[in-house]
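Me: I have a model open and would like to talk through some of its residues before setting anything up. Could you take my questions as they come?

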Amino acid sequence: MKVYFRREIQHNYLVIEPDNKADESYEIKMLTHNTIEGLLKFRVKRLDGEAQFFYDITSKQPLSRIWESREITAEEIRILISTLAAVLNRIEVFLFLPERLLIQAEYIYVEPESLHFYFCLLPNREADFFKELQELLYFLLKKVKHQNQESVVLAYGLYQETQKENYGMGNLLRFLGTHTEKEESCEEGHERRKNMGEEDTIRKNKEINSTQRDFIIKNTAMKKDVVKDTTVKSKAEGSCVEEKRTAEEGRKERTKKNQNQPLLYLCMLLWIGLLLGTGILYWQGGLGVCLEMEGSSGWKLCDNNRIEPVGGILGAAGRKENGKGKGGVLPCRGEGGELTREQARSEGGRK
(Lines give C-alpha, C1' and ligand atoms only; values in the text may rest on other atoms or scores of the structure.)
Protein backbone atom coordinates (compact mmCIF):
# COMPACT_ATOMS: atom_id res chain seq x y z
CA MET A 1 0.00 0.00 0.00
CA LYS A 2 1.44 3.30 -1.13
CA VAL A 3 0.46 6.42 0.81
CA TYR A 4 1.20 10.07 -0.05
CA PHE A 5 -0.43 13.52 0.07
CA ARG A 6 -1.60 15.81 -2.69
CA ARG A 7 -2.40 19.50 -2.37
CA GLU A 8 -4.73 21.24 -4.77
CA ILE A 9 -5.99 24.84 -4.90
CA GLN A 10 -8.81 24.44 -2.41
CA HIS A 11 -8.33 20.95 -0.96
CA ASN A 12 -5.77 18.65 0.59
CA TYR A 13 -5.93 14.92 0.01
CA LEU A 14 -4.60 11.74 1.51
CA VAL A 15 -3.91 9.42 -1.46
CA ILE A 16 -3.72 5.62 -1.09
CA GLU A 17 -2.78 3.23 -3.87
CA PRO A 18 -3.87 -0.27 -2.76
CA ASP A 19 -1.72 -3.35 -3.26
CA ASN A 20 -4.45 -5.42 -4.83
CA LYS A 21 -6.10 -4.40 -8.03
CA ALA A 22 -9.31 -2.60 -7.29
CA ASP A 23 -11.99 -3.34 -9.82
CA GLU A 24 -15.30 -1.58 -9.95
CA SER A 25 -16.35 -3.46 -6.85
CA TYR A 26 -19.52 -3.01 -4.88
CA GLU A 27 -17.66 -1.33 -1.99
CA ILE A 28 -16.00 1.30 -4.22
CA LYS A 29 -19.34 2.21 -5.82
CA MET A 30 -21.11 2.32 -2.44
CA LEU A 31 -18.39 4.53 -0.91
CA THR A 32 -18.28 6.81 -3.97
CA HIS A 33 -22.02 7.45 -4.16
CA ASN A 34 -22.75 7.74 -0.41
CA THR A 35 -21.60 10.07 2.33
CA ILE A 36 -21.28 8.29 5.65
CA GLU A 37 -20.94 10.37 8.78
CA GLY A 38 -17.62 9.85 10.54
CA LEU A 39 -15.74 8.83 7.36
CA LEU A 40 -13.41 10.98 5.26
CA LYS A 41 -14.94 12.04 1.94
CA PHE A 42 -13.89 9.55 -0.71
CA ARG A 43 -13.33 9.61 -4.48
CA VAL A 44 -11.41 7.33 -6.84
CA LYS A 45 -9.18 8.15 -9.82
CA ARG A 46 -7.51 5.79 -12.26
CA LEU A 47 -4.10 6.35 -13.79
CA ASP A 48 -2.85 3.80 -16.37
CA GLY A 49 -5.51 1.44 -15.13
CA GLU A 50 -4.39 1.69 -11.51
CA ALA A 51 -6.86 2.97 -8.89
CA GLN A 52 -6.01 5.86 -6.59
CA PHE A 53 -8.19 6.54 -3.53
CA PHE A 54 -8.45 10.24 -2.56
CA TYR A 55 -9.54 11.15 0.98
CA ASP A 56 -10.32 14.81 1.68
CA ILE A 57 -8.36 15.94 4.76
CA THR A 58 -8.83 19.70 4.35
CA SER A 59 -8.67 21.53 7.76
CA LYS A 60 -7.94 18.26 9.58
CA GLN A 61 -4.91 16.91 11.41
CA PRO A 62 -3.83 13.30 12.06
CA LEU A 63 -4.28 12.08 15.61
CA SER A 64 -0.62 11.12 15.92
CA ARG A 65 0.51 14.70 15.18
CA ILE A 66 -1.93 16.35 17.61
CA TRP A 67 -1.11 14.08 20.55
CA GLU A 68 2.63 14.40 20.06
CA SER A 69 2.60 18.00 21.37
CA ARG A 70 0.17 17.60 24.28
CA GLU A 71 -1.35 15.06 26.62
CA ILE A 72 -4.52 13.09 25.97
CA THR A 73 -7.49 13.89 28.14
CA ALA A 74 -10.10 11.43 29.37
CA GLU A 75 -12.80 13.29 27.47
CA GLU A 76 -10.90 12.88 24.17
CA ILE A 77 -10.50 9.13 24.77
CA ARG A 78 -14.20 8.82 25.53
CA ILE A 79 -15.19 10.74 22.36
CA LEU A 80 -12.80 8.69 20.21
CA ILE A 81 -14.14 5.29 21.32
CA SER A 82 -17.77 6.48 21.11
CA THR A 83 -17.24 7.83 17.57
CA LEU A 84 -15.56 4.59 16.48
CA ALA A 85 -18.49 2.54 17.79
CA ALA A 86 -20.97 4.83 15.98
CA VAL A 87 -19.04 4.56 12.69
CA LEU A 88 -18.98 0.73 12.93
CA ASN A 89 -22.75 0.74 13.28
CA ARG A 90 -23.17 3.04 10.22
CA ILE A 91 -20.88 1.12 7.88
CA GLU A 92 -22.64 -2.13 8.85
CA VAL A 93 -25.78 -0.72 7.24
CA PHE A 94 -23.84 -0.40 3.95
CA LEU A 95 -22.46 -3.96 4.33
CA PHE A 96 -18.88 -2.89 5.10
CA LEU A 97 -16.80 -5.11 7.37
CA PRO A 98 -14.99 -3.61 10.43
CA GLU A 99 -11.52 -4.50 9.03
CA ARG A 100 -12.06 -2.06 6.15
CA LEU A 101 -11.34 0.79 8.63
CA LEU A 102 -7.81 2.12 9.13
CA ILE A 103 -7.71 2.72 12.89
CA GLN A 104 -4.01 3.51 13.22
CA ALA A 105 -3.32 6.94 14.78
CA GLU A 106 -1.77 8.33 11.55
CA TYR A 107 -4.98 7.56 9.58
CA ILE A 108 -7.44 8.93 12.15
CA TYR A 109 -8.06 12.62 11.47
CA VAL A 110 -9.57 15.19 13.78
CA GLU A 111 -10.78 18.79 13.55
CA PRO A 112 -8.87 20.47 16.41
CA GLU A 113 -11.48 23.13 17.11
CA SER A 114 -14.61 20.94 17.15
CA LEU A 115 -12.85 17.69 18.23
CA HIS A 116 -14.68 15.66 15.56
CA PHE A 117 -12.94 12.39 14.59
CA TYR A 118 -12.92 11.02 11.00
CA PHE A 119 -11.85 7.52 9.90
CA CYS A 120 -10.44 6.28 6.61
CA LEU A 121 -12.27 3.31 4.98
CA LEU A 122 -10.21 1.34 2.50
CA PRO A 123 -12.31 -0.88 0.20
CA ASN A 124 -11.45 -4.56 0.00
CA ARG A 125 -8.90 -4.30 2.82
CA GLU A 126 -8.10 -7.41 4.85
CA ALA A 127 -6.83 -7.09 8.47
CA ASP A 128 -7.42 -8.14 12.09
CA PHE A 129 -9.63 -5.32 13.40
CA PHE A 130 -9.56 -6.29 17.08
CA LYS A 131 -5.81 -6.64 17.14
CA GLU A 132 -5.48 -3.18 15.60
CA LEU A 133 -7.97 -1.83 18.20
CA GLN A 134 -5.82 -3.30 20.97
CA GLU A 135 -2.76 -1.57 19.47
CA LEU A 136 -4.69 1.74 19.29
CA LEU A 137 -5.62 1.53 22.98
CA TYR A 138 -2.05 0.68 23.89
CA PHE A 139 -0.94 3.77 21.94
CA LEU A 140 -3.43 5.86 23.94
CA LEU A 141 -2.15 4.39 27.21
CA LYS A 142 1.42 5.38 26.32
CA LYS A 143 0.37 8.92 25.38
CA VAL A 144 -1.59 9.55 28.57
CA LYS A 145 0.13 11.76 31.14
CA HIS A 146 0.46 9.73 34.33
CA GLN A 147 -0.18 12.73 36.57
CA ASN A 148 -3.74 12.83 35.18
CA GLN A 149 -5.36 10.07 37.22
CA GLU A 150 -8.70 10.09 35.40
CA SER A 151 -7.11 9.67 31.95
CA VAL A 152 -4.78 6.89 33.21
CA VAL A 153 -7.64 4.93 34.81
CA LEU A 154 -9.80 5.22 31.69
CA ALA A 155 -7.08 4.29 29.17
CA TYR A 156 -5.81 1.39 31.28
CA GLY A 157 -9.33 0.07 31.87
CA LEU A 158 -10.09 0.09 28.13
CA TYR A 159 -6.82 -1.66 27.36
CA GLN A 160 -7.57 -4.33 30.00
CA GLU A 161 -10.91 -4.99 28.30
CA THR A 162 -9.07 -5.80 25.05
CA GLN A 163 -7.04 -8.47 26.91
CA LYS A 164 -10.15 -10.50 27.53
CA GLU A 165 -10.96 -13.38 25.24
CA ASN A 166 -13.55 -12.72 22.54
CA TYR A 167 -14.01 -9.11 23.57
CA GLY A 168 -15.98 -6.73 21.40
CA MET A 169 -16.98 -3.06 21.18
CA GLY A 170 -19.79 -3.81 23.61
CA ASN A 171 -17.24 -4.51 26.34
CA LEU A 172 -15.56 -1.15 25.74
CA LEU A 173 -18.88 0.70 25.66
CA ARG A 174 -20.03 -1.01 28.85
CA PHE A 175 -16.79 0.01 30.55
CA LEU A 176 -17.24 3.57 29.32
CA GLY A 177 -20.81 3.53 30.61
CA THR A 178 -19.82 2.14 34.01
CA HIS A 179 -16.96 4.55 34.31
CA THR A 180 -19.22 7.39 33.24
CA GLU A 181 -21.84 6.35 35.82
CA LYS A 182 -19.16 6.30 38.52
CA GLU A 183 -17.99 9.69 37.43
CA GLU A 184 -21.56 10.96 37.36
CA SER A 185 -22.19 9.58 40.85
CA CYS A 186 -18.97 11.21 42.04
CA GLU A 187 -20.01 14.40 40.33
CA GLU A 188 -23.48 14.12 41.88
CA GLY A 189 -21.91 13.66 45.29
CA HIS A 190 -19.63 16.58 44.65
CA GLU A 191 -22.60 18.59 43.42
CA ARG A 192 -24.59 17.55 46.48
CA ARG A 193 -21.76 18.61 48.76
CA LYS A 194 -21.43 21.79 46.77
CA ASN A 195 -25.16 22.46 47.14
CA MET A 196 -24.94 21.76 50.86
CA GLY A 197 -22.03 24.13 51.05
CA GLU A 198 -24.03 26.68 49.10
CA GLU A 199 -26.98 26.17 51.45
CA ASP A 200 -24.70 26.73 54.44
CA THR A 201 -23.31 29.79 52.72
CA ILE A 202 -26.83 31.07 52.01
CA ARG A 203 -27.87 30.42 55.62
CA LYS A 204 -24.79 32.23 56.90
CA ASN A 205 -25.44 35.06 54.50
CA LYS A 206 -29.01 35.28 55.78
CA GLU A 207 -27.72 35.44 59.35
CA ILE A 208 -25.23 38.09 58.33
CA ASN A 209 -27.94 39.97 56.47
CA SER A 210 -30.20 39.74 59.53
CA THR A 211 -27.42 41.07 61.73
CA GLN A 212 -26.71 43.81 59.23
CA ARG A 213 -30.43 44.62 59.07
CA ASP A 214 -30.62 44.93 62.87
CA PHE A 215 -27.52 47.07 62.82
CA ILE A 216 -29.01 49.24 60.09
CA ILE A 217 -32.28 49.57 62.05
CA LYS A 218 -30.37 50.59 65.17
CA ASN A 219 -28.30 53.06 63.22
CA THR A 220 -31.48 54.42 61.61
CA ALA A 221 -33.10 54.88 65.03
CA MET A 222 -29.95 56.57 66.32
CA LYS A 223 -29.88 58.78 63.25
CA LYS A 224 -33.55 59.70 63.83
CA ASP A 225 -32.77 60.61 67.46
CA VAL A 226 -29.79 62.64 66.31
CA VAL A 227 -31.94 64.36 63.69
CA LYS A 228 -34.62 65.05 66.33
CA ASP A 229 -32.03 66.45 68.74
CA THR A 230 -30.55 68.46 65.93
CA THR A 231 -34.01 69.80 65.04
CA VAL A 232 -34.73 70.79 68.66
CA LYS A 233 -31.30 72.32 68.94
CA SER A 234 -31.82 74.18 65.68
CA LYS A 235 -35.19 75.50 66.91
CA ALA A 236 -33.61 76.61 70.21
CA GLU A 237 -30.75 78.22 68.33
CA GLY A 238 -33.30 79.90 66.05
CA SER A 239 -35.20 81.23 69.08
CA CYS A 240 -31.97 82.52 70.60
CA VAL A 241 -31.04 84.16 67.33
CA GLU A 242 -34.51 85.74 67.10
CA GLU A 243 -34.24 87.03 70.69
CA LYS A 244 -30.77 88.38 70.00
CA ARG A 245 -32.02 90.06 66.84
CA THR A 246 -35.01 91.61 68.72
CA ALA A 247 -32.71 92.79 71.54
CA GLU A 248 -30.27 94.22 68.98
CA GLU A 249 -33.09 96.07 67.22
CA GLY A 250 -34.32 97.46 70.60
CA ARG A 251 -30.82 98.54 71.49
CA LYS A 252 -30.40 100.27 68.14
CA GLU A 253 -33.77 101.99 68.61
CA ARG A 254 -32.80 103.20 72.09
CA THR A 255 -29.41 104.33 70.81
CA LYS A 256 -31.14 106.25 68.03
CA LYS A 257 -33.51 107.87 70.54
CA ASN A 258 -30.61 108.75 72.86
CA GLN A 259 -28.81 110.29 69.91
CA ASN A 260 -31.88 112.40 69.07
CA GLN A 261 -32.51 113.59 72.67
CA PRO A 262 -29.63 116.16 72.81
CA LEU A 263 -30.87 117.65 69.55
CA LEU A 264 -34.38 117.86 71.01
CA TYR A 265 -33.06 119.44 74.18
CA LEU A 266 -31.05 121.91 72.12
CA CYS A 267 -34.11 122.86 70.08
CA MET A 268 -36.11 123.33 73.29
CA LEU A 269 -33.38 125.51 74.79
CA LEU A 270 -33.19 127.55 71.58
CA TRP A 271 -36.95 127.98 71.59
CA ILE A 272 -36.98 128.99 75.27
CA GLY A 273 -34.10 131.42 74.67
CA LEU A 274 -35.91 132.88 71.68
CA LEU A 275 -39.04 133.37 73.78
CA LEU A 276 -37.06 134.95 76.62
CA GLY A 277 -35.20 137.31 74.27
CA THR A 278 -38.41 138.34 72.59
CA GLY A 279 -40.04 139.00 75.98
CA ILE A 280 -37.10 141.07 77.18
CA LEU A 281 -37.06 143.17 74.04
CA TYR A 282 -40.77 143.61 74.22
CA TRP A 283 -40.55 144.63 77.87
CA GLN A 284 -37.85 147.24 77.34
CA GLY A 285 -39.79 148.89 74.54
CA GLY A 286 -37.22 148.32 71.91
CA LEU A 287 -39.95 147.21 69.62
CA GLY A 288 -41.58 150.71 69.47
CA VAL A 289 -44.82 149.91 71.25
CA CYS A 290 -46.51 151.73 74.07
CA LEU A 291 -47.79 150.11 77.16
CA GLU A 292 -50.64 151.65 78.96
CA MET A 293 -51.12 150.97 82.64
CA GLU A 294 -54.39 149.76 84.00
CA GLY A 295 -56.73 152.27 85.72
CA SER A 296 -57.59 155.92 85.07
CA SER A 297 -54.11 157.16 85.86
CA GLY A 298 -50.75 155.73 85.16
CA TRP A 299 -47.68 156.10 83.05
CA LYS A 300 -47.04 155.60 79.37
CA LEU A 301 -43.78 154.19 78.14
CA CYS A 302 -42.87 155.70 74.84
CA ASP A 303 -40.31 154.64 72.24
CA ASN A 304 -37.86 157.29 73.38
CA ASN A 305 -37.43 155.56 76.76
CA ARG A 306 -39.33 158.25 78.52
CA ILE A 307 -42.32 157.75 80.77
CA GLU A 308 -45.10 160.23 80.88
CA PRO A 309 -48.21 160.18 83.05
CA VAL A 310 -51.46 159.35 81.44
CA GLY A 311 -54.81 160.75 82.61
CA GLY A 312 -55.72 161.87 86.12
CA ILE A 313 -54.22 164.71 88.13
CA LEU A 314 -50.64 163.62 87.54
CA GLY A 315 -51.02 163.91 83.83
CA ALA A 316 -52.55 167.41 84.05
CA ALA A 317 -50.03 168.60 86.59
CA GLY A 318 -47.27 167.37 84.49
CA ARG A 319 -48.51 169.11 81.51
CA LYS A 320 -48.92 172.41 83.45
CA GLU A 321 -45.48 172.21 84.89
CA ASN A 322 -43.99 171.79 81.49
CA GLY A 323 -45.76 174.99 80.52
CA LYS A 324 -47.61 176.39 77.60
CA GLY A 325 -50.44 173.95 77.82
CA LYS A 326 -48.35 171.02 76.50
CA GLY A 327 -48.48 167.65 78.10
CA GLY A 328 -45.64 167.33 80.53
CA VAL A 329 -43.25 164.45 80.57
CA LEU A 330 -41.52 163.59 83.78
CA PRO A 331 -37.97 162.53 83.25
CA CYS A 332 -37.00 159.00 84.34
CA ARG A 333 -34.67 158.81 87.28
CA GLY A 334 -32.77 155.62 86.61
CA GLU A 335 -29.10 155.12 86.24
CA GLY A 336 -29.00 158.23 84.06
CA GLY A 337 -31.06 160.26 86.52
CA GLU A 338 -34.35 159.21 85.06
CA LEU A 339 -37.11 157.11 86.54
CA THR A 340 -37.14 153.46 85.89
CA ARG A 341 -40.24 151.52 84.98
CA GLU A 342 -40.68 150.08 88.50
CA GLN A 343 -40.16 153.50 90.07
CA ALA A 344 -42.72 155.02 87.79
CA ARG A 345 -45.23 152.35 88.80
CA SER A 346 -44.58 152.92 92.47
CA GLU A 347 -44.96 156.66 91.99
CA GLY A 348 -48.19 156.25 90.19
CA GLY A 349 -49.45 154.03 92.94
CA ARG A 350 -48.68 156.55 95.57
CA LYS A 351 -50.30 159.32 93.60
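Me: Let's start with E126: is it buried or exposed?

Reply: This is a predicted model, and in it E126 is exposed, with a relative accessible area of 63%.

Me: And what does E126 form a salt bridge with?

Reply: The partner of E126 is R100, and the closest N and O atoms of the pair are 3.6 Å apart. R100 sits in the loop between α3 and β6 while E126 sits in the loop between β9 and α4, so the salt bridge ties together parts that are 26 residues apart in sequence. R100 is buried, with a relative accessible area of 7%, whereas E126 is exposed.

Me: How many salt bridges are there in total?

Reply: The count comes to 10 salt bridges. Among them is the one between R78 and E75, where the closest N and O atoms are 2.9 Å apart, and there is also one between the side chains of E161 and K164, at 3.2 Å from N to O. In addition, E8, R43 and K45 are linked in a network of salt bridges.

Me: Where do R78 and E75 sit relative to each other?

Reply: Both belong to helix α3, and because they are 3 residues apart there, about one helical turn separates them. R78 counts as buried at 12% relative accessibility, while E75 is partly exposed at 45%.

Me: What about E161 and K164, buried or exposed?

Reply: E161 counts as buried, with 12% relative accessibility, and K164 counts as partly exposed, with 45%.

Me: Back to α3, then: at what angle do the axes of α3 and α5 cross?

Reply: The axes of helix α3 (residues 74–93) and helix α5 (residues 149–162) cross at roughly 30° and come within 8 Å of each other. An angle under 35 degrees counts as roughly parallel, and α3 and α5 are therefore roughly parallel to each other. On the α3 side the contact is made by A74, I77, R78 and I81, and on the α5 side by E150, S151, L154, A155 and L158.

Me: E76 is in that helix too; what is E76 in contact with?

Reply: E76 is found in helix α3 and counts as buried at 6% relative accessibility. Leaving aside neighbours within four places in sequence, E76 is in contact with W67, R70, E71, L115 and F117.

Me: Changing topic, D56 caught my eye as a charged residue. How far away is the nearest side chain of opposite charge?

Reply: That side chain is K41, at 5.4 Å, and D56 is buried yet has no salt bridge. A salt bridge needs a nitrogen of Lys or Arg within 4 Å of a carboxyl oxygen, so the 5.4 Å to K41 does not qualify.

Me: Which side chains does D56 make polar contacts with, then?

Reply: The D56 side chain has a polar contact of 2.6 Å with the side chain of T58 and another of 3.4 Å with the side chain of H11. D56 is placed in strand β4 (residues 50–56), and if residues up to four places away in sequence are not counted, D56 touches H11, N12, Y13, L40 and K41.

Me: What does the Q61 side chain do?

Reply: The side chain of Q61 makes a polar contact of 2.8 Å with the side chain of R65. Q61 lies in strand β5 (residues 61–62) and counts as partly exposed at 29% relative accessibility. Beyond four places in sequence, Q61 is in contact with I66, I108, Y109, V110 and P112.

Me: And how far is R65 from E106?

Reply: Their C-alpha atoms are 7.7 Å apart in space, although E106 and R65 are 41 residues apart in sequence. E106 is found in the loop between β6 (101–102) and β7 (109–111) and counts as partly exposed at 41% relative accessibility.

Me: Last one, on backbone angles: what is phi of N124 and N166?

Reply: Most residues other than glycine have a negative phi. Phi of N124, however, is near 65°, and phi of N166 is near 55°. N124 is placed in the loop between β9 (120–121) and α4 (129–143) and is partly exposed, with a relative accessible area of 24%. N166 belongs to the loop between α5 and α6 (169–284) and is exposed, with a relative accessible area of 73%.

Definitions and conventions
Residues are numbered from 1 along each chain as its sequence is written. This is a predicted model: local features need pLDDT of at least 70, side-chain atom pairs count only at pLDDT 80 or more; totals for chains, interfaces and linings use all residues. Side-chain values use heavy atoms; hydrogens and water are left out. Helices (H or I, at least four residues) and strands (E, at least two) are DSSP runs, numbered from the N terminus. Buried means under 20% relative accessible area, exposed over 50%, partly exposed in between (1.4 Å probe, protein chains only). Lys and Arg count as positive and Asp and Glu as negative; His and the chain ends are not counted. A polar contact is a pair of N or O atoms within 3.5 Å; within protein, one must be able to donate a hydrogen and the other to accept it, and residues adjacent in sequence count only if both atoms are side-chain atoms. Contact means heavy atoms within 4.5 Å. Axes are lines fitted to C-alpha atoms, for helices over the stretch in contact, and angles run from 0 to 180 degrees between N-to-C directions. Angles under 35 degrees count as roughly parallel, over 145 as roughly antiparallel, 65 to 115 as roughly perpendicular and the rest as oblique.
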